[in-house]
Amino acid sequence: MRYVKLPQENVYEFLERLKNFGKLYAPVKISEKFYDFREVDDVRKIEFHYNRTIMPPKKFFFLPKETMFKFSISKAEYNEVIENVEPFVIFGLHACDIFGLKVMDTIYLDEFPDKYYKVRREKGIIIGISCMPDEYCFCNLRETDFADDGFDLFLHELPDGWLVRVGTPMGHRIVDKNIKLFEEVTTQDICNFREFEKKRHQAFKYHEDWGNLRYLLELEMEHPMWNEQSELCLGCGNCNLTCPTCRCYEVQDIPNLDGDTGVRIRRWDSCQLRSHGLVAGNHNFRPTKKDRFMNRYLCKNSYNEKLGISYCVGCGRCTYFCPAGISFVDNLRTILGLEDKSCPPEMSEEIPKRGFAYASNIRGEEI
Amino acid sequence: MENRKIRIGFYALTSCYGCQLQFAMMDEILQLIDKAKIECWYMLSRDSSEEREVDIAFIEGSVSTKEEIELVKKIREKAKIVVAVGSCAVHGGVQSWGKDKEFEQLWKTVYGDGKVKFEPKMAEPVEKFIKVDYKLYGCPPEKKDFLYALGTFLVGSWPEDIDYPVCVECRLKGNSCILIEKGEPCLGPVTVAGCDARCPAYGIACIGCRGAVGYDVAWFDSLAREFKKKGLKKKEILDRMKIFNAHNPKLEEMVNKIFEEGE
């Protein structure tokens, strides 16, 4: 890997020059407490030390709302609406969000290739930035705290600038075209980088092993936590809609008034909404708030085979942006037995046999 | 059905007429000329009559007089599809806010000893008296919802109901979250989406003008718990939630539950 140093005094010039590679988006403050990736005109407004953005960077590739195609009923045809995407630069992604995009790629580039996603993904230049975790961060437990790839450049903070890792040919091009802004990495820089990483590692709230979590979740389907916590839930969908890896969408056909033509649109969906589990015949396979609540926990903690990590990248958004103050991490730690040590967990009523493994109504052949 | 024009009626009960004004002023309404025949829409056509049969009947306003009870029954008999339009028709409107007070007292406060030619009653949603097939929410409703419903009926299909809260659109739009950030009693989590989170986009907490989400997924209890944590009293919470949801059968019970929990 190629390493260069971007001295502090050259940072704004570097950011300004990024605009030569496409429209520049970066984290900015959008309200009293919250941040979001927005198009940046004045590079001095960019926040280098933001905690997390309210919208995840997937929004640049998998649009919150978009038109998929136009149709005509009389002609029995449809034409896809795929816009001509110009190259663009997203500056300032944290490692967890880069992993978030990698998770999205395993779905929308590999498993279910999505041309709307692909056309944007090919044009997006990704520049990562190091961060210091706050109490909501748990990417270390998800093994998504350090990005090996998935970026063109990655900037690591030094006391007097940034140590830059170059990840792709595009990254090389950005550095080469602006080579005068960069310096060679010195021994002192390496020591500073190491120091930063050590400090960062120590700053995480928890240091523990979550390797068996996804299995414990399946076994603990009857845990009292589910009732207690889903009761607090507002069913608003904030957790899914701020998640960097949630990828469900809802489609709708919007006919024009001519009784013939129209468009199909799609928007981000949330499994906390009633219609997510609603299918033909008015059957809902997740009829209660608790069913929907549990679904997100199981989905996020399931295993992404291709990456060898879970679908949750530990960014902390679903907790930070939950209006009901529900803590995803606390609830998972409850299941892991790290919050409450008693086992079986204390319950007022009789404890039923627990989990899938003990379900009495599984249909199948008699053995 | 191929070439026959679709017959439309737009009827007004007690209301501000803002809903039909909203739709009457759309440019797109001109596209309807060769598709639809307006049988009754006084704001658009002097050749209107409430006596004619229609394919789609749009009703705005709350049922607020005895005469209007008869009118909605007549509309139902003469229409294939009945669409309740706007907060008044769908949820009884803001005029239902005083639902728990004595009708006589309310009447006196507003009209004093004034005489009227009709028999007034407490405002109620259209659904209390007749079957409603589809609802267009909002105060006023959104043009796009009206176009979507009409367009879908015109291709012989059925429009989808909106069964998710304002929060969804608020997040899609990239707004900040007022409820979390400012701690203001935003009703977004229990209110039907479709407004594109207009008020929160301007930093104003949702007042719930589109009414609560149906299908028992408006979690008044969980939201009341949050409001309570932020220091709101039970009456303040109920008053706010009832502005547009006075007739919701679950609201009071769900909010009361939270205040019985103790803590």
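The following paragraphs describe the domains of chains A and B, the contacts between them, and a sheet of chain A in a predicted model.

Chain A is divided into domain 1, covering residues 2–203, and domain 2, covering residues 213–356, and the C-alpha centres of these two domains lie 27 Å apart. Across the boundary within chain A, 37 residues of domain 1 are in contact with 30 residues of domain 2. On the domain 1 side of this boundary, the elements that give two or more residues are strand S4 (65–72), helix H2 (95–111) and helix H4 (139–142) of chain A, and the largest share, 11 residues, comes from H2(A). By class, this side of domain 1 of chain A has 21 nonpolar, six polar and 10 charged residues.

Chain B is likewise divided into domain 1 (6–154) and domain 2 (166–260), with C-alpha centres that lie 26 Å apart. Here, 15 residues of domain 1 of chain B are in contact with 12 residues of domain 2 of chain B. Helix H3 of chain B, residues 86–91, gives the most to the domain 1 side of this boundary, with three residues, and the residues of that side divide into six nonpolar, five polar and four charged.

Between the chains, 37 residues of chain A are in contact with 33 residues of chain B. The elements that give two or more residues to the chain A side of this interface are helix H9 (238–241), strand S10 (249–255) and strand S11 (261–268) of chain A, and the residues of this side divide into 19 nonpolar, 11 polar and seven charged. On the partner chain, helix H5 of chain B (residues 143–154) lies across S10 and S11 of chain A, running at about 70° to S10(A).

Both of these strands of chain A belong to an open sheet of four strands, which are arranged in the order S5-S4-S11-S10 with antiparallel pairing. The edge strands of this sheet are S5 (77–80) and S10 of chain A, each of which pairs on one side only, and neighbouring strands are turned by 25° against each other on average when direction is ignored. Within the sheet, S4(A) and S11(A) pair in the antiparallel sense over seven bridges, and A:Lys65 has A:Arg267, in S11(A), as its bridge partner. The sheet thus contains S4(A), one of the elements on the side of domain 1 of chain A that touches domain 2 of chain A, together with S10 and S11 of chain A, which are among the elements on the side that touches chain B.

Methods:
Residues are numbered from 1 along each chain as its sequence is written. Chains are lettered from A and ligands numbered from 1 in the order in which they are written. This is a predicted model: local features need pLDDT of at least 70, side-chain atom pairs count only at pLDDT 80 or more; totals for chains, interfaces and linings use all residues. Domain bounds come from an automatic or database domain assignment. Two residues are in contact if their C-beta atoms, placed from the backbone, lie within 7 Å. Ala, Val, Leu, Ile, Met, Phe, Trp, Tyr, Cys and Pro count as nonpolar, Asp, Glu, Lys and Arg as charged, and the others, Gly among them, as polar. Two strands pair if DSSP finds at least two bridges between them. Axes are lines fitted to C-alpha atoms, for helices over the stretch in contact, and angles run from 0 to 180 degrees between N-to-C directions.
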